[in-house]
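Please open the model in your viewer, with the sequence panel beside it, and follow the stops below in order.

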Amino acid sequence: MAVWAIGDLQGCYDITQRLLERIKFDTARDTIWFCGDLVNRGGQSLETLRLVHSLRDHSVTVLGNHDLSLIAVGQRTKDEQRKVNPDLQRVVMAEDAPELLEWLRNQKMFHADRELGWGMVHAGLHSSWTIANAERYAREIEEKLRGKQFERLLRNMYGDKPGWNPQLAGMERARAIINIMTRMRYVTPRGRIDFDAKGAPGTQPAGLYPWFSVPGQVQRDLKLVVGHWSTLGLTMCNGVHAIDTGAVWGGKLTALQLDAEVPRFEQVEGRDVPAQVKPATKNTSANKAPSKRTGHRRRRGGRGPRPATPATPPSA
Ligand SMILES: [Mn+2]
């Protein structure tokens, strides 16, 4: 029996299959934790979503920003759907779209397994959030997503504000939680998310910290596995294991075995051609305007786990 966590698939179906072969994934004995961002940019989002859906009894999925965007796109009119990028369009126009999107909408924002000793979230947790806090806030969003008001939530989730404050209520509270769990990379010591800085640590403006190493971090009783931040590379810091290694950008797709004595990683090569970046229609690209991807392409070749704060930018 093995429990594996796998980083952002981003619509890279062939690569996902190759990784499943590499780890000899067997539904009779193994479980996979998917870190979110199953779709978008890789060109095989529909196939990828069908694959993860078919593994639903043998896996756990937390939602990423691209997954939430896809669910939101699924609620729009056909005319509006024709404006989104072809990769997502194929998903929402597919015959089985209702089933796939309904399943996706019922996935988690945060997953914890105390027996295993691990928690999983797509982007990260606020520095003040314990595992119990994260579970509670995640359930708030999941209830809204699964409930009658899910369309209202999807319409109101876009936006960078407000920052987290436990007194927040309603849609502002939901937006703050969603931004932390699905979009955060760098934060200020006071906990404000910077939505512009996306590079590897060392490239960020002064006063910003990776969310997992900002001063005043609460002690958590579980290790965490996260995705979302492809320029970070494979990183282990303060119990946080970041495994989005940018498969869609020509990096690698990573699996981390969670029930191994020592961290065990398996990787396969990502896409040969890094994803095309084009100015997508507003709101199609996961809660934010697409950024310039210059310098985003990852080096090829072997990349073992990196220590906490890699100093070199990712571009070769
Ligand atoms: Mn993401």
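How many bridges join strand 6 (residues 186-187) to strand 7, and do these strands run parallel or antiparallel? Select both strands: two bridges join them, and they run antiparallel. Here, as in the rest of the tour, helices (H or I, at least four residues) and strands (E, at least two) are DSSP runs numbered from the N terminus, and two strands pair if DSSP finds at least two bridges between them. Within this pair, Val 187 stands opposite Ile 193 in strand 7.

Before moving on, please note that this is a predicted model, in which local features need pLDDT of at least 70 and side-chain atom pairs count only at pLDDT 80 or more, while totals for chains, interfaces and linings use all residues. Residues are numbered from 1 along each chain as its sequence is written.

**The three-stranded sheet**

Add strand 8 (209-210) to the selection, and you have an open sheet of three strands in the order 7-6-8, with antiparallel pairing. Strand 7 (193-194) and strand 8 stand at the edges with a single partner strand each, so one side of each has no neighbour in the sheet.

**The whole chain**

Zoom out to the complete chain, which holds nine helices and 13 strands. Of its 316 residues, 46% count as buried, a residue being buried if 20 or more other C-beta atoms lie within 10 Å of its own, exposed if 12 or fewer, and partly exposed in between, with C-beta atoms placed from the backbone. Among contacts between residues at least 6 apart in sequence, 70% join residues at least 24 apart, where two residues are in contact if their C-beta atoms, placed from the backbone, lie within 7 Å.

**The five-stranded sheet**

Next, select strands 3, 2, 1, 12 and 13, which in that order form an open sheet with mixed pairing. Strand 3 (59-61) and strand 13 (264-269) are at the edges, each with a single partner strand, so one side of each is left without a neighbour in the sheet. From one strand to the next the twist averages 20°.

Strand 1 (residues 3-6) and strand 2 (residues 31-34) pair in the parallel sense over four bridges, and the bridge partner of Val 3 in strand 2 is Thr 31. Between these two strands the chain passes through helix 1 (residues 13-22), and this β-α-β crossover is right-handed, a term that applies if, with the strands pointing away from the viewer, the path from the first strand over the helix to the second runs clockwise.

Strand 2 also pairs with strand 3 in the parallel sense, over three bridges, and here Phe 34 stands opposite Thr 61. Strand 1 is joined to strand 12 (residues 252-257) by three bridges, and these two run antiparallel; Ile 6 stands opposite Ala 255 in strand 12. Helix 1 lies across strand 1, strand 12 and strand 13, running at about 140° to strand 13, where axes are lines fitted to C-alpha atoms, for helices over the stretch in contact, and angles run from 0 to 180 degrees between N-to-C directions.

**Helices 2, 5 and 3**

Select helix 2 (residues 45-54) and helix 5 (residues 86-93), which pack at an angle of about 50° with their axes 8 Å apart. That makes helix 2 oblique to helix 5, since angles under 35 degrees count as roughly parallel, over 145 as roughly antiparallel, 65 to 115 as roughly perpendicular and the rest as oblique. Ser 45, Leu 46 and Leu 49 of helix 2 make the contact with Asp 87, Leu 88, Arg 90 and Val 91 of helix 5.

Move to helix 3 (residues 65-74), where nine of the 10 residues are buried, so this helix is largely enclosed by the rest of the structure. Its buried residues, among them His 66, Leu 70 and Val 73, pack against helix 4 (78-81), helix 5, helix 6 (97-105), helix 8 (150-156) and helix 9 (170-182).

**A hairpin and a buried glycine**

Finally, select strand 4 (residues 110-113) and strand 5, which pair in the antiparallel sense over four bridges, with Trp 118 in strand 5 as the bridge partner of Asp 113. The two strands form a hairpin with four residues between them, and Gly 117 in the turn has a positive phi of about 90°.

Continue to Gly 124, in the loop between strand 5 (118-121) and helix 7 (131-146). Gly 124 counts as buried because it has 26 C-beta neighbours inside 10 Å. Leaving aside neighbours within four places in sequence, Gly 124 is in contact with Ile 180, Met 184, Trp 211, Phe 212 and Val 226.
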